[in-house]
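Biologist: Could you take a close look at one part of this model for me, and then walk outward from there? Keep it casual, but stick to what the coordinates say.

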Amino acid sequence: MTSPANQLNLNVSSEIGTLRALLIHSPDSGLGKVVPSKAQDWLFEDIVHLDTMRRNEYDYYIKLLLYFLDPNKIKGHLQQIDASENQRNFYKPDHKDFYASDKVIEIQTLLAEILQDDVIREKLTASVCAIESCNYRLQQQLYKTDPVELAKIFISGSLYKDNLIFSPIPNLIFSRDIGITINNHILINKPAKKARSRETLLARYILFNHPLFAGSREHILEITDPVQHFLRPGTEQDEKTTLEGGDVMMVSKNHVIIGCSERTSLGGAHEAIKLLFENKVVEKVTVLKIPHKRDYMHIDTVFTQVKRNVWVILGSLGKADMSVSASDPLSWFGDKRPKDKTEIVQFINGHEQPISFNCIEELLNDISMNDLGSTEPTQFIYSGGNNFPFDAREQWTDSCNLLALKEGVVLGYDRNDKTVEAFKQSGFSVVKVADLLQQFENGGLDAHTMEDTLILMPSSELSRARGGFHCMSLPLVRDNIS
């Protein structure tokens with residue numbers, strides 16, 4: 001296990017500070033067992049081809065992260081790593097040749113390490129078996145299983161590779177949704193769907209028990225249901241207490257955005273604000289209510305930050321709607337349906353009167369200018385070039401869901417052509433990840449000197465799951481931005 005000397009000092013005070021450590025989960029065998037009839041129950045949009053997702057897509061993500069965060073693990077070894085005779089062992093958390101970085105941190109590895117402890121293994125096995133309704137004999141069998149294999153079972157749902165004993169948790173690749181780092185705290189999520197409950201259970205055990213987080217245990221925040229919640233109605237999403245990490249953005253040291261969406265309820269936002277204010281984690285929280293539609297899911301499918309004054313955004317949802325006319329009753333009344341209207345209210349700790357914003361662009365401009373001190377005009381890069389139907393098509397395949405490795409250097413999918421053109425028109429360089437890795441390996445380019453670049457990642461299978469690289473990352477440490 002990680003030694004106390006390697007404990008992480010959690011620190012994330014923005015979405016764009018240089019990334020130093022993050023938590024991820026590589027596609028596991030459970031993704032290859034999702035069937036069409038259960039895909040949407042398990043929150044996938046489609047079934048995926050696992051080998052293609054791994055070899056041709058996610059492996060590039062791992063290599064790129066290592067070049068930026070932990071280059072000693074990869075530089076000079078790229079050809080050997082990808083040699084066919086090595087069978088991808090570099091990427092397999094249960095193999096002796098696994099890259100094992102303490103900066104690009106694999107969830108499965110942390111889980112296997114805490115399961116070495118007999119007490120933790122017994123408790124977690126009992127907890128998993130309880131929520132998955134396993135029989136007692138299976139529980140005893142699992143407890144006696146080797147910790148490395150048991151970690152795989154808890155994640156994939158498979159005993160001995162092909163025997164499914166409970167459902168997979170394919171959404172664990174979207175590690176951001178298990179929690180979010182806010183300054184030196186971690187806020188653990190409360191998922192909206194039962195399919196994700198095992199993810200949260202595993203995350204709790206890792207965060208509270210792994211030595212990597214030993215110095216942060218007093219700074220782990222858990223959302224609870226309101227008192228006597230079990231006596232209250234709970235069938236409607238707005239009445240449940242749910243929150244997922246894709247709806248939480250740490251946009252500046254004292255400011256968090258929480259989205260109310262298909263997955264995060266008003267009750268979840270309310271409980272999160274109480275925790276953040278009571279623990280003096282931030283001074284203000286903006287609640288951003290978007291339509292409860294599968295199209296959007298989380299706020300990070302609608303916008304993400306690129307630089308302190310640059311954001312990528314879905315224009316049709318981000319702008320103030322000036323089209324409503326009293327002479328058009330259908331538009332007038334239709335626009336006022338509460339579930340289809342974007343609403344933005346900012347709460348400041350100790351202030352009784354909240355502040356409202358007319359649209360997402362107005363909020364983001366305020367963050368850039370006032371929270372981050374930008375001296376340049378705020379710039380918006382629009383999904384699909386803000387042209388229908390390309391804006392909607394490319395937002396569906398995560399054109400707005402980007403991960404910043406440092407300010408101005410972001411990862412996105414290669415399939416969103418019109419959005420790529422919009423980046424070029426805004427002065428950004430665009431490079432394919434395979435070409436970039438070769439430049440890093442040959443010494444022709446240094447990751448730390450890169451500026452204003454969109455890195456294009458292969459995405460034919462990853463995009464079927466409806467999540468981009470912002471979703472596939474839980475930043476634990478970022479540099480503060482000056």
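**A buried glutamine, then the strands**

Modeller: Sure. Q139 comes out at 19% relative accessibility, so with the cut-off for buried set at under 20%, Q139 counts as buried. Bear in mind that this is a predicted model. Q139 sits in helix α5, which covers residues 136–143. Leaving aside residues up to four places away in sequence, Q139 touches T125, A126 and C129.

Now on to strand β6, residues 185–188. H185 and L187 point one way from β6, while I186 and I188 point the other way. Every one of those four is buried, whichever way the side chain points.

What does β6 pair with? One partner is strand β5 (residues 179–182), which runs antiparallel to β6 and is joined to β6 by 4 bridges. To pick out a pair, T181 has I186 as its bridge partner in β6. The link between these two strands is a hairpin with 2 residues between them, and N183 in that turn has a positive phi of about 55°.

β6 also pairs with strand β7 (residues 220–222), this time in the parallel sense, over 3 bridges. Here L187 has L221 as its bridge partner in β7. Add helix α7 (residues 197–209), and β6, α7 and β7 make a right-handed β-α-β unit.

Further along the chain you can pick up another piece of sheet. Here 4 strands form an open sheet with mixed pairing, in the order β16-β17-β19-β18. Its edge strands are β16 (403–406) and β18 (429–432), each pairing on one side only. From one strand to the next, the twist averages 30°.

Inside that sheet, β17 (residues 409–413) and β19 (residues 453–457) run parallel and are joined by 5 bridges. If you want a pair to click on, Y413 has M457 as its bridge partner in β19.

Two helices belong in this view as well. Helix α13 (residues 417–425) lies across β17, β18 and β19, and runs at about 160° to β19. Helix α14 (residues 433–442) packs on the sheet too, touching β18 and β19, with its direction at about 90° to that of β18.

Terms used:
Residues numbered from 1 in each chain as written. Predicted model: local features only at pLDDT ≥ 70, side-chain atom pairs only at ≥ 80, totals over all residues. Heavy atoms only, no water. Buried < 20%, exposed > 50% of the residue type's maximum accessible area, 1.4 Å probe, protein only. Contact = heavy atoms within 4.5 Å. Pairing = 2+ DSSP bridges. Right-handed = clockwise from strand over helix to strand, strands pointing away. Axes fitted to C-alpha atoms, helices over the stretch in contact; angles between N-to-C directions.
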